[in-house]
Structure formats: C-alpha cells, structure tokens
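The following paragraphs lead through one protein chain, from two ionic pairs to the strands and then to the chain as a whole.

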Amino acid sequence: MANTRSLVSTVSWQPPPSDFHLINTDASLKLGHLGCGLSAIIRNSAGDLVVAEVKYIHGCMTVPMAEAAAIHLGVQLAVRWSINKAWVGSDCITLILAAANNSFPPTDWGQLMKDTINGKNHFKELNFIFYPRVESNDSKVDYND
C-alpha cells in the first residue's frame, strides 16, 4: 500500500524532491453551464513537463467534487506513466485536509478521494500539497460569459 501523507503549504510553486514528480491538478466551472473542465500536469523535479491531460465532464457537480475528479485524473495519469513517487498539488484546501487526516466524509467527493488514495497501490509514496490560488478572484466559479 502506498505511503500517503499530506503537506499543507502557503508558499508558491516549488519542485518536489529529486526522485519525485509533481502532479498539479485543477478544475474549472462556469456558472450557467452544465459541466466542468479538469486538468492534470505532471512535471519532474527540474520543472520539466512530463505529460498533461485535460478532460471535460458534462453535468452538475460541486466544486469539491470537480476538484476531486481532477485529482483522480492526475493520479490515473501518473499510474499510466509508471510514476510511483509523487506530490499531488491542489488549490482545494478541503480535499488536502481530508487527505492529511485520512478522513473522508460520506459525500460524492469524499468517496472519490478515498478510492483515489486507497486504490493506488502503484505508488511507493503519494503526498498531497496545498497551493493557494494567487488570482484576485478566489471563486472557482466563472461568472462571466
């Protein structure tokens, strides 16, 4: 089973240790549109791009569920690329704290996060790090057309 722990950070992007990869994940929702965009970008410790993937999911969902789906996308991408030591970066503190405490609520996003972490025996180590949003608008929902 993977060694899973979380790191909570208040600093800007930093590379992982030399034998790790960084999986940056994010979700984007737009008010009035059914669906969300997910992204996962994997970089090595030098900051070089290894692989990236984007995905659109049609339907209604909460911001935490969309962010959990983005993390799931990134972890699955790392598995396909045989990455076994990684940091997963997200700007969703709710998910990072849940992973840090290994305590997932009985919600859609809680179950997805639990399945993502516990079902990934591929990893020697899987860490989670919080990257705060640096934009002036802290909302995950785009209110502009």
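In this predicted model, Asp19 and Lys85 form a salt bridge, with 2.5 Å between the closest N and O atoms. Asp19 sits in the loop between β1 (3-7) and β2 (21-30), while Lys85 belongs to strand β5 (residues 85-90), so the pair ties together parts that lie 66 residues apart in sequence. Asp19 has a relative accessibility of 43% and therefore counts as partly exposed.

A salt bridge also links Glu53 to Arg80, where the closest N and O atoms are 2.4 Å apart. Here the partners come from a strand and a helix: Glu53 is in β4 (residues 49-57) and Arg80 is in α1 (residues 63-80), so parts 27 residues apart in sequence are tied together. Glu53 is partly exposed as well, its relative accessible area being 23%. By the rule applied here, the count of salt bridges comes to 2. Side chains of opposite charge can pair when their charged atoms come close.

The strand that holds Glu53, β4, pairs with β3 in the antiparallel sense over 8 bridges. One of the residue pairs between these strands is Gly37 with Tyr56, the latter in β4. The two strands form a hairpin with 5 residues between them, and Gly47 in the turn has a positive phi of about 90 degrees.

Strand β3 also runs antiparallel to β2, to which 8 bridges join it. Leu29 has Cys36 of β3 as its bridge partner. β2 and β3 form a hairpin too, with 5 residues between them; in this turn Gly32 has a positive phi of about 90 degrees.

Which side chains of β3 (residues 36-43) point to the buried face? They are Cys36, Leu38, Ala40 and Ile42, whereas Gly37, Ser39, Ile41 and Arg43 point to the other face and are not buried. In a regular strand the side chains alternate between the two faces of the sheet. Cys36, the bridge partner of Leu29, is thus among the buried residues of β3, and Gly37, the partner of Tyr56, is among those that are not buried.

These strands belong to a chain with 3 helices and 7 strands. From the N terminus on, the order of elements is β-β-β-β-α-β-α-α-β-β. Of the contacts with a separation of 6 or more, 71% are between residues 24 or more positions apart. The chain has 145 residues, and buried residues make up 41% of them. About 7,500 Å² of the chain is exposed, with carbon and sulfur atoms supplying 53% of that area.

Note on methods
Residues are numbered from 1 along each chain as its sequence is written. This is a predicted model: local features need pLDDT of at least 70, side-chain atom pairs count only at pLDDT 80 or more; totals for chains, interfaces and linings use all residues. Side-chain values use heavy atoms; hydrogens and water are left out. Helices (H or I, at least four residues) and strands (E, at least two) are DSSP runs, numbered from the N terminus. Buried means under 20% relative accessible area, exposed over 50%, partly exposed in between (1.4 Å probe, protein chains only). Contact means heavy atoms within 4.5 Å. Accessible areas come from the Shrake-Rupley method with a 1.4 Å probe; for residues, only the protein chains shown count as cover. A salt bridge is a side-chain nitrogen of Lys or Arg within 4 Å of a carboxyl oxygen of Asp or Glu. Two strands pair if DSSP finds at least two bridges between them.
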